[in-house]
Amino acid sequence: MAGPADEHRSTAEQFTERVRGVAPGDWDRPAPCPGWLARDVVGHLVEWFPGFLRAGTGIELPKGPPVAQDPVAAWTVHSDAVQALLDDPATADKVLTNPNLGVLPLDQAVSMFYTTDVFLHTWDLARATGQDERLDAERCAVLLEGMLPMDAVLRTSGHYGPKVEVPDDADPQTRLLAFIGRTP
């Protein structure tokens, strides 16, 4: 099993491919998240995590240009900073403290909350911009299995839409996306 640094590296590489694959005129195309454009998918990832990290650890990530100005550079600076944090041997001794989550090892918190978010939003950006929408089927199955018992909590968090009905024999990606409220 890959550790948090390797998991982020792989996940971020997939997302980066989608970011770099967006045609200049496609940043304003609607995304599957209600009210979002393709650029908002990048904006969400670049904007929420630094505050979460700062509040829970005091760590400040370097900032790139605004997503509205240059979504590719904004993502690249952000993603590289997260990877450097995870690659830093000192990170293994750091914790993240959150009033809702308690105290977690920093690398595990990044993996659980942020890297998973990047993985899920890879599909959103791909769908919005007409790119390859395939996600790793095994990871989809593992995530879905872990999320199912937390259905009520996830639903009330406001981060996921209502489940979408799909056939019982749907593939893991379709089932995961439907579970988080996307129409695959």
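Reader: Which residues of helix 2 are buried?
Author: This is a predicted model, in which local features need pLDDT of at least 70, side-chain atom pairs count only at pLDDT 80 or more, and totals for chains, interfaces and linings use all residues. Residues are numbered from 1 along each chain as its sequence is written, and side-chain values use heavy atoms, with hydrogens and water left out. Helices (H or I, at least four residues) and strands (E, at least two) are DSSP runs numbered from the N terminus. With buried meaning under 20% relative accessible area, exposed over 50%, and partly exposed in between (1.4 Å probe, protein chains only), the buried residues of helix 2 are Ala 38, Arg 39, Val 41, Val 42, Gly 43, Leu 45, Val 46, Phe 49, Pro 50, Phe 52, Leu 53 and Gly 56.

Reader: What covers the buried residues of helix 2?
Author: Contact here means heavy atoms within 4.5 Å. The cover includes three helices and a strand: helix 1 (4-20), helix 3 (71-87), strand 1 (95-98) and helix 4 (106-129).

Reader: How many Å apart are the end C-alpha atoms of helix 2?
Author: The expected span of a helix is 1.5 Å times one less than its number of residues. For the 20 residues of helix 2 (residues 38-57) this gives 28 Å. The model agrees with that expectation, since the end C-alpha atoms are separated by 30 Å.

Reader: Which residue with a positive phi follows helix 2?
Author: Helix 2 covers residues 38-57. The residue after the helix has a phi near 85°, and that residue is Gly 58.

Reader: Which residues does His 78 touch, not counting residues up to four places away in sequence?
Author: His 78 lies in helix 3 and, at 3% relative accessibility, counts as buried. Several of its contacts are buried residues of helix 2, among them Leu 45, Val 46, Phe 49 and Pro 50. The full list is Leu 45, Val 46, Phe 49, Pro 50, Leu 61 and Tyr 114.

Reader: What pattern does the chain follow, read along the sequence?
Author: The chain has seven helices and two strands. In sequence order they give α-α-α-β-β-α-α-α-α.

Reader: What is the radius of gyration of the chain?
Author: The radius of gyration is taken over C-alpha atoms, and the globule rule is 2.2 Å times the number of residues to the power 0.38. For 184 residues the rule gives 16 Å, and the chain comes close to it, so the chain is as compact as a globular protein of that length. Its C-alpha trace spans about 45 × 40 × 30 Å along the principal axes. The radius of gyration is 16 Å.

Reader: Among contacts between residues at least 6 apart in sequence, what share joins residues at least 24 apart?
Author: Of the 184 residues of the chain, 43% count as buried. Among the contacts in question, the share that joins residues at least 24 apart is 64%.

Reader: How many salt bridges does the structure hold?
Author: A salt bridge is a side-chain nitrogen of Lys or Arg within 4 Å of a carboxyl oxygen of Asp or Glu. One of them joins Arg 18 and Glu 17 at 3.9 Å, N to O, and a network of such bridges links Asp 6, Arg 9 and Asp 87. The total is twelve.

Reader: Arg 134 meets which residue in a salt bridge?
Author: Arg 134 is exposed, with a relative accessible area of 62%. Its partner counts as partly exposed at 33% relative accessibility. The N to O distance is 2.7 Å, and the partner is Asp 132.

Reader: In which helix do Arg 155 and Asp 151 both lie?
Author: Their side chains form a salt bridge, 2.9 Å from N to O. Arg 155 counts as partly exposed at 22% relative accessibility, while Asp 151 counts as buried at 19%. The two are four residues apart, about one turn, in helix 6.

Reader: How far is the sulfur of Cys 33 from the closest cysteine sulfur?
Author: A disulfide is a pair of cysteine sulfur atoms within 2.5 Å, and a search of the whole structure finds zero. Cys 33 is buried at 8% relative accessibility, and Cys 140 is buried at 0%. The closest sulfur to that of Cys 33 is in Cys 140, too far for a bond at 15 Å.
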